[in-house]
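Visitor: I am new to this structure and would like to know what stands behind the words used for it. Could we look at it together?

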Amino acid sequence: MKRIVILGSTGSIGASTLDVVSKFPDRFQVVGLAARSNAQILEDQIRTFQPKVVALSCPDAAKRLRARIDTKQIEVLDGEPGLCEVASLPECDLVISAIVGGAGLKPTLSAIQAGRQVALANKEPMVMAGQLMQQEAQKHGVTIFPIDSEHSAIFQSMEGHRKVDIRRVVLTASGGPFWDWPDTDLEHVKPEQALKHPNWKMGDKITTDSATLMNKGLEVIEARWLFDLPAEQIDVVIHRESIIHSLVEYCDGSVISQLGHPDMRTPISYAMNYPERVPLLPPLLDLGKIGKLTFFPPDTEKFPCLQLAYDALAGEAGLPATLNAANEMAVRAFLNNQIAFLDIPKVIQETMLTYSPSPLSTIEDVLDVDQWARRTAEEIMKTCGAPV
Ligand SMILES: NC(=O)c1ccc[n+]([C@@H]2O[C@H](COP(=O)([O-])OP(=O)(O)OC[C@H]3O[C@@H](n4cnc5c(N)ncnc54)[C@H](OP(=O)(O)O)[C@@H]3O)[C@@H](O)[C@H]2O)c1
C-alpha cells in the first residue's frame with residue numbers, strides 16, 4: 001500500500017490522480033490533500049478518501065471547511081506553512097505535486113527536503129529553480145517522477161538506455177487552438193477561445209499556456225532540469241493529434257517514443273506505480289482508424305513564447321524564474337480581459353529585458369526574483385492599458 005499526498009487535489013490533475021486511486025484502492029491510501037480555496041470540492045474528497053490531514057492556502061476557506069467536517073478525525077491546516085506540513089507528512093511515501101504555478105514551489109520543496117518521493121505535474125517550480133530542486137532531491141535521496149505527458153514519454157523512452165547515447169529529445173506539442181489561424185486574427189482572441197484546447201481538458205492556466213506555446217517553452221526548461229540535458233539537445237515538433245507524447249533520438253539513429261490516447265491518467269499512473277504498470281485499459285490505440293499523424297516545425301514568429309523560453313535558458317540564471325512569473329501575471333490579466341492575447345509575449349519579453357542579474361544560490365534568491373518579476377510585469381501591463 002502506497003500512502004500518498006496530493007497537492008492541488010481539487011484541480012484537473014488532482015481529480016485524475018484520485019480517479020486512479022479509486023480504480024486501485026488496494027494500492028493507494030490518501031493521507032493528505034491540499035488546495036487553495038475550493039473547500040466544497042475538498043470536502044467531497046475528504047468524505048470519499050478520508051485523509052488524515054488537509055490544507056487550504058486560503059485561511060478563510062480553511063475556516064469554512066473546519067465548520068463542516070469532524071476536526072477530531074481530520075486536521076485542517078492553512079496558509080503556505082500548512083501546505084508545506086501536508087507535503088512533508090511523515091506517514092507519506094509519495095507526494096503528487098499538482099498545484100498550478102509558482103505557488104507549488106515551497107510545498108514541493110518541503111516534500112523533497114522531507115525525503116518524500118515526488119511525482120511532478122507542477123512544472124513551474126522546475127522552471128523557476130530546477131537546478132536547486134535537483135540538488136535538494138539528490139541530497140535527500142528523492143526521485144522526481146515526471147507526470148507531464150511529454151516528460152513521462154521521455155522518461156519511459158530512456159528506460160534501459162544509456163544517457164550518453166542520447167542525441168536529442170523531441171517534445172511534441174499540439175499547437176493549441178490557434179495553430180492554423182491567420183496572424184491577424186490572433187489580435188482578437190478572447191479568453192473563452194483560448195480555453196478551448198483541441199485535445200486535452202486541463203486547468204485554465206496551462207490551457208492558455210498551450211494556446212501561446214508557452215507551455216512548450218516551460219516544458220523545454222522542465223526537461224533541461226528533469227533529464228539534465230542542455231537546451232541544444234531539446235527540440236520541439238508540432239504534432240496536432242497528441243498521440244506521440246515525445247521522442248528520444250539516440251546516436252545510432254534509433255528514435256524511441258511513447259504513444260497513447262491523450263489521457264493524463266496514463267502518465268499519472270505510471271509515476272504512481274513505477275516501475276510497475278497497472279491495467280487502466282483505455283480504448284485500444286487503433287492507428288489504422290486514426291489513419292495519419294501530422295508534424296510541423298514550430299512557428300516561433302507567430303508564437304514567440306517558445307523562443308522566449310529558449311532565450312531564458314540561454315541567459316542569466318534568474319531569467320527562467322522571471323519568464324515564469326511574468327507569464328503567470330500576463331495569463332491572469334488576459335483571462336481577466338485586462339490585456340490582449342498578443343500582449344502576453346510582449347509583457348514577458350519586456351520583463352525579461354528589465355531583469356538585472358543577481359546571485360541565485362538559494363530558494364530565497366529565486367523567490368526574490370519571482371516577486372520582482374511579478375511587480376515589474378504589473379507595471380509593464382499598465383502601459384498595455386491594463387487596470388491592474
Ligand atoms: N491538467 C493537465 O492535464 C496537466 C498536464 C500536465 C501538467 N500539468 C501541470 O499540473 C499543474 C496543475 O494543473 P491543472 O491543470 O491541474 O490546474 P488546475 O485544474 O487549475 O488546478 C490547480 C490546483 O492548484 C491549486 N492551487 C492553485 N493555487 C494554489 C495556491 N496558491 N495554493 C495551494 N493550491 C493552489 C488549486 O486549488 P483550488 O481549486 O482551491 O483553487 C487546484 O487544486 C500545472 O502546473 C500544470 O502545468 C497539468
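Visitor: What makes the side chain of glutamine 233 and the backbone oxygen of isoleucine 166 a polar contact?
Guide: The side chain of glutamine 233 reaches that oxygen at 3.1 Å. A polar contact is a pair of N or O atoms within 3.5 Å; within protein, one must be able to donate a hydrogen and the other to accept it, and residues adjacent in sequence count only if both atoms are side-chain atoms. The value of 3.1 Å is within 3.5 Å, so the distance fits the term. This is a predicted model, in which local features need pLDDT of at least 70 and side-chain atom pairs count only at pLDDT 80 or more, while totals for chains, interfaces and linings use all residues. Residues are numbered from 1 along each chain as its sequence is written, and side-chain values use heavy atoms, with hydrogens and water left out.

Visitor: Where is glutamine 233, and which residues is it in contact with?
Guide: Glutamine 233 sits in the loop between H10 and strand E9 (234-238); helices (H or I, at least four residues) and strands (E, at least two) are DSSP runs, numbered from the N terminus. Apart from neighbours within four places in sequence, glutamine 233 is in contact (heavy atoms within 4.5 Å) with Ile166, Arg167, Arg168 and Val169.

Visitor: Why is the pair of arginine 265 and aspartate 19 called a salt bridge?
Guide: The term asks for a side-chain nitrogen of Lys or Arg within 4 Å of a carboxyl oxygen of Asp or Glu. In this pair the closest N and O atoms are 2.7 Å apart, so the pair qualifies. Arginine 265 belongs to helix H11 and aspartate 19 to helix H1 (residues 12-23), 246 residues apart, and the pair links distant parts of the chain. By this rule the count comes to 25 salt bridges.

Visitor: How do you know how much area domain 2 and domain 3 bury between them?
Guide: Buried area is the accessible area (1.4 Å probe) that two parts lose on being put together, summed over both. For domain 2 and domain 3 this comes to about 1,200 Å², with 81% of it on carbon and sulfur atoms. In domain 2, Pro191, Lys205 and Met214 lose the most area to domain 3, together 35% of what that side buries. The bounds, from an automatic or database domain assignment, are 151-261 + 284-290 for domain 2 and 315-382 for domain 3.

Visitor: What else is counted between domain 2 and domain 3?
Guide: 17 residues of domain 2 are in contact with 13 residues of domain 3. The count of salt bridges between domain 2 and domain 3 is zero, and one residue pair is in polar contact, both at pLDDT 80 or more. On the side of domain 2 that touches domain 3, H9 gives the most, with six residues.

Visitor: Which residues come nearest to the ligand?
Guide: Of the 25 residues around the ligand (a heavy atom within 4 Å of it), Thr10, Ser37, Asn38, Glu124 and Gly203 come nearest. An N or O atom in the side chain of arginine 36 is 3.0 Å from an oxygen atom of the ligand. For glycine 11, a backbone N or O atom lies 3.1 Å from a ligand oxygen.

Visitor: What joins tyrosine 274 and proline 275?
Guide: A cis peptide bond joins them, with omega about 5°. Proline 275 is in the loop between helix H11 (265-273) and helix H12 (287-290).
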